[in-house]
Amino acid sequence: MLHATGFGEEALEPFLFDEQTEKTLTTYEKWSVVRSAAEQVLQVYANRANSSWIEAEDWCPPTPLDKESNSAGAYAGALDSAITQGQISLFFIDDGRLCETGDGNVAPLLSMDLWQAIKILAPHKVPSAQRLERLSYMGRHLLHASVSIEMWYGASALRNLKVVLGVDCEQEQFLLNELQHWGFFNLVPSNVAILPLPRFHGFAQDPSTGRLAGVKGSPRLMLGSGYAMFLLNAPAEAYILTPEFEPQCLDSSVLEWLRETNSNWLMTGLFCDVDRLRPEALFDTDFLTAAMYAVDRGGANMAMEVEHCKEDRDMRTYDSVVLSRASTAKKSPIASNCNLRPSAMRTVKSYQVLRSFAKDANGAFFSATHRYVFKVSALQKMLTDPSVFHADIRLFDFYAYATFDLADITTFMGARCASIVSQGDTKGPDMSNVVYGKPWLIKAASILEIQDKAASILEIQNKLAASLFDRSVSDIVLIMALSIAAGAPTGTKLAKLFVHDIVDKLHIVMGLGSTLRRARADMDIMG
């Protein structure tokens, strides 16, 4: 019977103790040994289930497309028009990452003010220049989206921008508080859809039936970024907020709502992707124009950003290696790329796939940055098929969970995914750790420093002090030295945003070099 399961007699050895070990180990130590051995055996079964579909396919090297392709550059004008008209929307996904706080505890990454953790765990990385504090990590992403699109594409583009926020249901109330406190970060409230991501109990084998059954006492976990994508096409799952801050449920799905509001493209990314806070990283024009080219000329219906890697550890860090499905590569090489996850390739046969096709003659390979852009109509059609995702079995505390990953969309037979090679320093998010610690915070510190200097296009001489949050304060003076003259509109609006609903009066002092600039500044302030 044991051999029928694929295990030999050696699989029983960790469960058996010799006479000497039986005497020396305590009952607790014996239980720990047996528990560890049982977890290893169960993990073998999970690994086989997770990699079976990969082993059944024929793979070949990918066919990536350079961002700087001359043909793709011809779409720059179409991209500007699409963004200005609100045809490109953003989808931020919370995948449940945690972060060390510096006091021995961990907290949800979304709700953290990262500078506070950096001060404790990496004080040498705290800059002496201005810092945006008391702003959550999630708030940074929303502020970055608001400031970036207005700075590069104008107020009209900001008014038309649609944003979908897929957040852990346990962080939903925090999100609502942030939106209310910061005035939606200058986003139009009716253009912000909130998609709560539920948590589910685990499964275990029912001794009476021999089948898996839900266990109410098991930990409740999120089911991954793929489940968030499933919910995009489910009716009545998301809602917007009215001017009175009351939730108004969307009767249709999020994707249908986007189509009704003339949004034809959807950019998706993870909240844990700190590199998206770099200037120009959120609306990467090279990536978007190359994606438009691939859809228009290459037969694709989606695109993902990839980067050239040489170190094996990059596969594990980004949990990604890009290959092409052999059956479609001959017909449409540009649109046959798939993002495979090494975490689901832990059998001998699936590992051979990596060794055979992933690396070129120089040992280099491509990994995805987990940033995607979809044609909304094509995504809506794909998500009607339940086989679009491959359920991964995840073991946690002897309970089994079926999780889904956004990357699996690229492997769906109906997907035609193009790979766009990144040319800059922007890296993908760390997918190898559920809890981010000091190394991640050190990297984040350098990016936050850049954002704090560039997001407002100004140097704030007087950092907002604690009195800003004292409701008894009626007047406050904010002195700004504009490093870029054209930054006056954005700088003024950002100043208003910081004191929104906090003080009664705001005095702004600007140093301006001409009467014309003063007149323009007066118009900005009055506006």
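The exercises below work through aromatic pairs, strand pairing, helix packing and backbone angles in a predicted model.

**Exercise 1. Classify the ring pair F92 and F271, and say which parts of the chain it ties together.**

Step 1. Start with the description. A pair of aromatic rings is described by the distance of the centres and the angle of the planes.

Step 2. Take the total for context. The model holds 13 aromatic pairs. In one of them, F92 and F271, the centres are 5.3 Å apart and the planes 20 degrees apart.

Step 3. Apply the cut-offs. Centres must lie within 6.5 Å, and planes under 30 degrees apart count as stacked. The F92 and F271 pair is therefore stacked.

Step 4. Place the residues. F92 is part of strand 3 (residues 88–93), and F271 sits in the loop between strand 14 (265–270) and helix 11 (285–297). The pair thus ties together parts that are 179 residues apart in sequence.

Step 5. Check burial. F92 and F271 are both buried.

**Exercise 2. Is the pair F389 and F404 stacked or edge-to-face, and where do its rings lie?**

Step 1. Read the geometry. The ring centres of F389 and F404 are 6.5 Å apart, with the planes at 70 degrees.

Step 2. Assign the class. Planes over 60 degrees apart count as edge-to-face, so F389 and F404 are an edge-to-face pair.

Step 3. Locate the partners. F389 belongs to the loop between helix 15 (376–382) and strand 19 (392–396). F404 belongs to the loop between strand 20 (399–403) and strand 21 (417–421). They are 15 residues apart, and the pair links distant parts of the chain.

Step 4. Test burial. The limit for buried is under 20% relative accessible area. F389 has 5% relative accessibility, so F389 is buried. F404 has 18%, so F404 is buried as well.

**Exercise 3. Which residues form an aromatic cluster with Y137, and which residue lies over the face of W265?**

Step 1. Collect the cluster. Y137 joins Y436 and W440 in one aromatic cluster.

Step 2. Turn to W265. K375 lies over its face, at 4.9 Å from the ring centre.

**Exercise 4. Give the strand order of the open sheet that contains strand 1, and find which helix packs on it.**

Step 1. Write down the order. The three strands run 1-16-17, and the pairing is antiparallel.

Step 2. Find the edges. Strand 1 (59–60) and strand 17 (337–340) each pair on one side only, which makes them the edge strands.

Step 3. Count the bridges. Two bridges join strand 1 to strand 16 (residues 321–325), in the antiparallel sense. In the register, C60 is opposite S324 of strand 16.

Step 4. Add the helix. Helix 14 (residues 348–358) packs on this sheet and touches strand 1 and strand 16. Its direction is at about 80 degrees to that of strand 16.

**Exercise 5. How do helix 4 and helix 11 pack, and what is the setting of D80?**

Step 1. Read the packing. The axes of helix 4 and helix 11 are 9 Å apart, at an angle of about 105 degrees.

Step 2. Classify the angle. The range 65 to 115 degrees counts as roughly perpendicular, so helix 4 and helix 11 are roughly perpendicular.

Step 3. List the contacts. Helix 4 contributes A76, A78, L79, A82 and I83. Helix 11 contributes T285, L288, T289 and M292.

Step 4. Place D80. This residue lies in helix 4 (residues 76–84). D80 has a relative accessible area of 36%, so D80 is partly exposed. Its C-alpha is 9.5 Å from that of W152, and the two residues are 72 apart in sequence.

**Exercise 6. Is strand 15 largely enclosed or exposed, and which strands does it pair with?**

Step 1. Use burial. Seven of the eight residues of strand 15 (residues 302–309) are buried, so the strand is largely enclosed by the rest of the structure.

Step 2. Take the antiparallel partner. Strand 18 (residues 365–375) is joined to strand 15 by seven bridges. Here E307 faces S367.

Step 3. Take the parallel partner. Strand 21 is joined to strand 15 by five bridges. Here A303 faces A418.

**Exercise 7. Where do F185 and D319, with their positive phi values, lie?**

Step 1. Treat F185. Its phi is near 55 degrees. F185 is in the loop between helix 8 (172–181) and strand 7 (192–197). Relative accessibility is 1%, so F185 is buried.

Step 2. Treat D319. Its phi is near 45 degrees. D319 is in the loop between helix 12 (312–318) and strand 16. Its relative accessible area is 12%, so D319 is buried.

Note on methods: Residues numbered from 1 in each chain as written. Predicted model: local features only at pLDDT ≥ 70, side-chain atom pairs only at ≥ 80, totals over all residues. Heavy atoms only, no water. Phe/Tyr/Trp six-rings, centres within 6.5 Å; stacked < 30°, edge-to-face > 60°. Helix = DSSP H or I, 4+ residues; strand = E, 2+ residues; numbered from the N terminus. Buried < 20%, exposed > 50% of the residue type's maximum accessible area, 1.4 Å probe, protein only. Lys NZ or Arg CZ within 6 Å of the ring centre and 35° of its normal. Pairing = 2+ DSSP bridges. Contact = heavy atoms within 4.5 Å. Axes fitted to C-alpha atoms, helices over the stretch in contact; angles between N-to-C directions. Parallel < 35°, antiparallel > 145°, perpendicular 65-115°, else oblique.
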